[in-house]
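Reader: Before I rely on any label attached to this model, I would like to see how each one is reached. Could you take me through the reasoning, setting the values against the definitions?

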Amino acid sequence: MFRSTVLAGADSASGNLECVWTAGPSPFDRAAPSRTPFPQPARTKRKAAPAQPSPEHSAETVLRAFNTWAFKREQPENPHLLLQVAATAVGRAEPLRFVMYWGKGPRCSLGPEDVECLDYVGSMVARVRDAHRPGAAVTLILTDTHARHNGHPEESIDAYFGAIAGEAARRGFQTCRLSSVVADAGDAVIPADLDAPVPADVLDSLAASAGKWYRGEGSAEAGALAYYRMNMVEKRAVELAFPGAVFVTFNGSKLRCLFPARMPIFYMYSLRRGFSVKPWFLPADQELCGPDACRCRGSDAMPD
């Protein structure tokens, strides 16, 4: 700012005053307030979100949990389809679904072999749960159609499957009757080539089994042929009823044609590693129970 200063010059005698403008602060000037910068909050680095595993990677982990020699009796024929089913369960955060047939042998009541088998399946489910939080869902398809075909009386069928259903429920497993699955599917599951020739090796294998267990009308060979035709219908009904599930069997791949064509097949041991005999056919020397005569072992031999 400029301010004026009156100076007395040499000609002050004349009465003239000289006014001089000089630079400098004016007494009327106000001091500018000091500006303190507003404090800014400290910036923190945002942590990057942890990388999520891809569904494929997680599905491989789930697959490795049960697809081991601790459970499988041979390699699955279509591991890519098995992986795809596991990936779908992971992507949807749903249980991995397993479906399996449960048959009937000479006994009409629960045996320790049945309990051991169910516990073995349960241990596989526990492995899946460790790798996949939603866990696994197991459905036992009780093959009442096969039991009737083999000549078992209705009382024996109901008693045995009722006991299995109760024991399965204790482990969180679901059960259903194969006859109901086929009835729900209707005529759509009857193949056009139902009367096509049966592969010779398959018929020979079924006839050998029928020679041991078939008690229906006609010869064991006739029973084996009728059993094969039943399975051609039933496998399509199962496929419709349980899409996206893994089909588990205690049989080997030699009988692959009896199982659903579009479902991944898991060939599993029955009671423990290295053992494949179906529990309902044990013990091997078990006598056939009749409609009025139970020949099962005594209750004192049953596990707690």
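Author: Let us begin with how a helix axis is obtained: an axis is a line fitted to C-alpha atoms, taken for helices over the stretch in contact, and the angle between two axes runs from 0 to 180 degrees between N-to-C directions. The model discussed here is a predicted one. In it, the axes of helix 6 (residues 178-185) and helix 8 (residues 220-241) cross at roughly 80° and come within 9 Å.

Reader: Why is helix 6 called roughly perpendicular to helix 8?

Author: Angles of 65 to 115 degrees count as roughly perpendicular, and the crossing of helix 6 and helix 8 is at roughly 80°, so helix 6 is roughly perpendicular to helix 8.

Reader: Which residues of helix 6 and helix 8 meet, and what classes do they belong to?

Author: From helix 6, Leu178, Val181, Val182 and Ala185 meet Val233, Glu234, Ala237, Val238, Leu240 and Ala241 of helix 8. Sorted by class, this contact has 9 nonpolar, no polar and 1 charged residues.

Reader: What describes the packing of helix 3 and helix 5?

Author: The axes of helix 3 (residues 112-131) and helix 5 (residues 154-170) are 11 Å apart, and the two helices pack at an angle of about 35°. The crossing in which helix 3 passes helix 5 is right-handed. Asp114, Val115 and Leu118 on the side of helix 3, with Tyr160, Ile164, Glu167 and Ala168 on the side of helix 5, make the contact. These residues divide into 5 nonpolar, no polar and 2 charged.

Reader: How do you know that the span of helix 3 agrees with its number of residues?

Author: The expected span is 1.5 Å times one less than the number of residues, and for the 20 residues of helix 3 this should give 28 Å; the end C-alpha atoms are 29 Å apart, which agrees. As for burial, the residues of helix 3 that are buried include Val115 and Leu118, which both take part in the contact with helix 5.

Reader: What makes Thr145 buried?

Author: Buried means under 20% relative accessible area, and Thr145 has 15%, so Thr145 is buried. Its place is in helix 4 (residues 144-149). Leaving aside neighbours within four places in sequence, Thr145 is in contact with Leu178, Ser179, Met230 and Glu234. Of these, Leu178 and Glu234 also appear where helix 6 meets helix 8.

Reader: Why is Glu287 called exposed, and why does Leu288 count as partly exposed?

Author: Exposed means over 50% relative accessible area; Glu287 has 52%, and therefore Glu287 is exposed. Partly exposed lies between the 20% and 50% limits, so Leu288, at 35% relative accessibility, counts as partly exposed. Glu287 is placed in the segment after strand 7 (265-267), and Leu288 also lies in the segment after strand 7.

Reader: Where in space and sequence do Glu287 and Leu288 find their partners?

Author: Glu287 and Arg107 are 180 residues apart in sequence, yet 7.5 Å apart in space, C-alpha to C-alpha. Leu288 and Gly105 are 183 residues apart in sequence and 7.9 Å apart in space on the C-alpha to C-alpha basis. Not counting residues up to four places away in sequence, Glu287 touches Pro106 and Arg295, while Leu288, with such neighbours left aside, is in contact with Pro106, His152, Arg215 and Arg295.

Terms used
Residues numbered from 1 in each chain as written. Predicted model: local features only at pLDDT ≥ 70, side-chain atom pairs only at ≥ 80, totals over all residues. Heavy atoms only, no water. Helix = DSSP H or I, 4+ residues; strand = E, 2+ residues; numbered from the N terminus. Left-handed = near helix turned anticlockwise from the far one by under 90°. Contact = heavy atoms within 4.5 Å. Nonpolar A, V, L, I, M, F, W, Y, C, P; charged D, E, K, R; others polar. Buried < 20%, exposed > 50% of the residue type's maximum accessible area, 1.4 Å probe, protein only. Parallel < 35°, antiparallel > 145°, perpendicular 65-115°, else oblique.
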